[in-house]
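Biologist: I am new to this structure, so could you take me through it slowly?
Modeller: Gladly; have the sequence and the model open while we talk.

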Protein chains: 2
Amino acid sequence: MQKFVNDPSKVVDEMLEAYVKVHADLVSTTENERVIKYKHAPVKGKVGIVTGGGSGHKPAFVGYVGRNMVDAVACGEIFSSPPAQMFYDAIKAADGGKGVALLYGNYAGDNMNVAMAMDEAEDEGIEVKKVVANDDVPSAPKGEEAKRRGVAGEILMWKVGGAKAAMGASLDEVIAAAQKAIKNTRSMGVGLAPCAIPEVGHPNFTIEEGKMEVGIGHHGEPGIEVCDLEPSAKIAQRFCNVILPDLPFESGDEVVVLISGLGSTPVMEQYIVFNDIEKILKERGIKIYLSYVGNYFTSLEMAGVTCTLMKLDEELKECMDYECDSVGMQQFQR
Amino acid sequence: MQKFVNDPSKVVDEMLEAYVKVHADLVSTTENERVIKYKHAPVKGKVGIVTGGGSGHKPAFVGYVGRNMVDAVACGEIFSSPPAQMFYDAIKAADGGKGVALLYGNYAGDNMNVAMAMDEAEDEGIEVKKVVANDDVPSAPKGEEAKRRGVAGEILMWKVGGAKAAMGASLDEVIAAAQKAIKNTRSMGVGLAPCAIPEVGHPNFTIEEGKMEVGIGHHGEPGIEVCDLEPSAKIAQRFCNVILPDLPFESGDEVVVLISGLGSTPVMEQYIVFNDIEKILKERGIKIYLSYVGNYFTSLEMAGVTCTLMKLDEELKECMDYECDSVGMQQFQR
């Protein structure tokens, strides 16, 4: 395991200890050291935005905490849900008296812990509503969208929800906008090499040299097909063949395109994949309003990329264009 | 070779084709498609900032083109110097009539091609002066600093030079500031796994599992020692033992700390290394003025990190704090 670590059981704690030092202008720690908040949160009279999830996805999740973005995040162990108490502490850290929108991804552990945290918050008189991201198309067939996992589309959900809250919207309005964002979003991943959790010390899945895993999940969840590695243009075609008909994205639509590396795939290759996807969208009359290429949502040192598309309307455009400031999202500004 | 590519000989062209699409608000291509410029360059009456080098170091070099940063960049093949004509075309693209500062790293091919490009520019009546970055301590012993390679410290040189030019300084003033920046900067890398050039298809060097290469260069140049992989805290000590006495950095100094991943090392691990370095600096009474952790200067999918320190004075602080806008440097704003 070729890693820079001290005690493998302490990687999240040491990372967060450093994170709040490096980004002290933007974030701060809380009484619960696994809950990181926007420095000025809770913002009085603003709907609080909370997320959380397993660590190992840098800049997700903590990197999206900031101004007009996520107010507080619960940081679990590597690839493991934060416990309910941690989600609850994040809710408290974000609560500015106007309610809290809990925007997270569809994983069993997160669903369970969020539900308990929401119950606890309700008992304390904090109004919390949730949106569960399920943008990963290959993780369940059409018609069973509620079973799909949340992946890089969560970033767009946070961006939209964060902007809406910053505009002064009510909790219901923030929830509706974030729900629309994820409802209009579809993602898919292709993996080329696995990653290893520091405490485990070796990859818990394999991808053979010369092969690729189509539809891989953010924790190495099996995809829909293992096949010979293809040129970027063919992989781009696969992305479009799965993602476009599912919403569907159609001629005349305006979209956000987000290509994220999964960790060890050079950003150069991510641009090459984007280049091929852009050509297909152009052919199909789908207009790119905003595009992002880089390591926005990773899985430790997994090799691979994810492709995320969000269909825009005027409200979503306004939210995407709204200024924000976070470590992961500065490149999202036009 | 687990890579997203089409024709391996076309990776730089396809990457740049995509890059100018994604960042059309900030950069544009030129008549020479391997020269990318700040959208509004040449800026009349401002000293132009030019750099260039081999590709494969994303976001370097093209990612530092932008407002109050680099005006034009010459993008060579992977790990290969751009030819003289490309450097010359970059000079022309950046020349706003007040001279051009060519700020690049110390590699034989770049030195040769820059010299030819500068001769050609002089013949055309464009005043060009250069600063050659040599921040990589392990690449030559003290006393032979002129033999040292330029690595991630180049980013700080571009930031300082770009800010100085934006403030309206003369060419000599820009050169003096950029020269001071790199003179005050020291870097070192540690590699944990190699990378493969797409056209070659396999790594051209090896690092065995369980080992690390101390002092590795940005293209896999051999370091000063291959030894057993150590915990992050010990590696941080090695960084400090090499970097601090070389300038020297001393108690009371204020510094910029830049930890960059080399490609496939997760950003989480980079924060852990930062955490350990920060503790050592604190013990030694060295104050961190600004700190940056992330993939700022990579080497394809090499595993490893580089540590860069720059000692500040008031002029350098003012330049580091000056607003700028580039894909690689947005995180550099306070």
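**Between the chains**

Modeller: Between chain A and chain B there are 30 residue pairs in polar contact, with both residues at pLDDT 80 or more; a polar contact is a pair of N or O atoms within 3.5 Å, where within protein one must be able to donate a hydrogen and the other to accept it, and residues adjacent in sequence count only if both atoms are side-chain atoms.

Biologist: Before we go on, what should I know about the model and its numbering?
Modeller: This is a predicted model, in which local features need pLDDT of at least 70 and side-chain atom pairs count only at pLDDT 80 or more, while totals for chains, interfaces and linings use all residues. Residues are numbered from 1 along each chain as its sequence is written, chains are lettered from A and ligands numbered from 1 in the order in which they are written, and side-chain values use heavy atoms, with hydrogens and water left out.

Biologist: Which elements of chain A supply residues to the side that touches chain B?
Modeller: At least two residues each come from α1 (11–22), β8 (185–193), α6 (232–246), α7 (267–283), β12 (287–294) and β13 (303–311) of chain A, where helices (H or I, at least four residues) and strands (E, at least two) are DSSP runs numbered from the N terminus. The largest share of that side, eleven residues, comes from α7(A).

Biologist: And how many residues does each chain bring to the contact?
Modeller: Chain A brings 58 residues and chain B brings 58 residues, with contact meaning heavy atoms within 4.5 Å. The two chains bury about 4800 Å² between them, 59% of it on carbon and sulfur atoms; buried area is the accessible area (1.4 Å probe) that two parts lose on being put together, summed over both. Gln2(A), Phe4(A) and Met268(A) supply 21% of the area that chain A buries against chain B, more than any other three residues.

Biologist: How many salt bridges cross the interface?
Modeller: The rule finds six salt bridges between chain A and chain B, each being a side-chain nitrogen of Lys or Arg within 4 Å of a carboxyl oxygen of Asp or Glu. One of them joins Lys3(B) to Glu269(A), with the closest N and O atoms 3.3 Å apart.

Biologist: What about Lys3(A), is it buried or exposed?
Modeller: Lys3(A), which sits in the segment before α1 of chain A, is buried because its relative accessible area is 4%, and buried means under 20%, exposed over 50% and partly exposed in between (1.4 Å probe, protein chains only). Its side chain makes a polar contact of 2.8 Å with the side chain of Glu301(A), and a polar atom of that Lys3(A) side chain lies 3.2 Å from the backbone oxygen of Ala196(A). Not counting residues up to four places away in sequence, Lys3(A) also touches residues of chain B, including Leu192(B) and Glu269(B).

Biologist: Changing topic, where is His57(A)?
Modeller: His57(A) is in the loop between β3 (48–55) and β4 (66–67) of chain A, and His57(A) counts as buried at 3% relative accessibility. The side chains of His57(A) and His219(A) are joined by a polar contact of 3.2 Å, while the backbone oxygen of Thr298(A) lies 2.7 Å from a polar atom of the His57(A) side chain.

Biologist: Last one: how many disulfides are there?
Modeller: A search of the whole structure finds zero over all chains, a disulfide being a pair of cysteine sulfur atoms within 2.5 Å. For Cys324(A), the nearest cysteine sulfur, that of Cys319(A), is 11 Å away.
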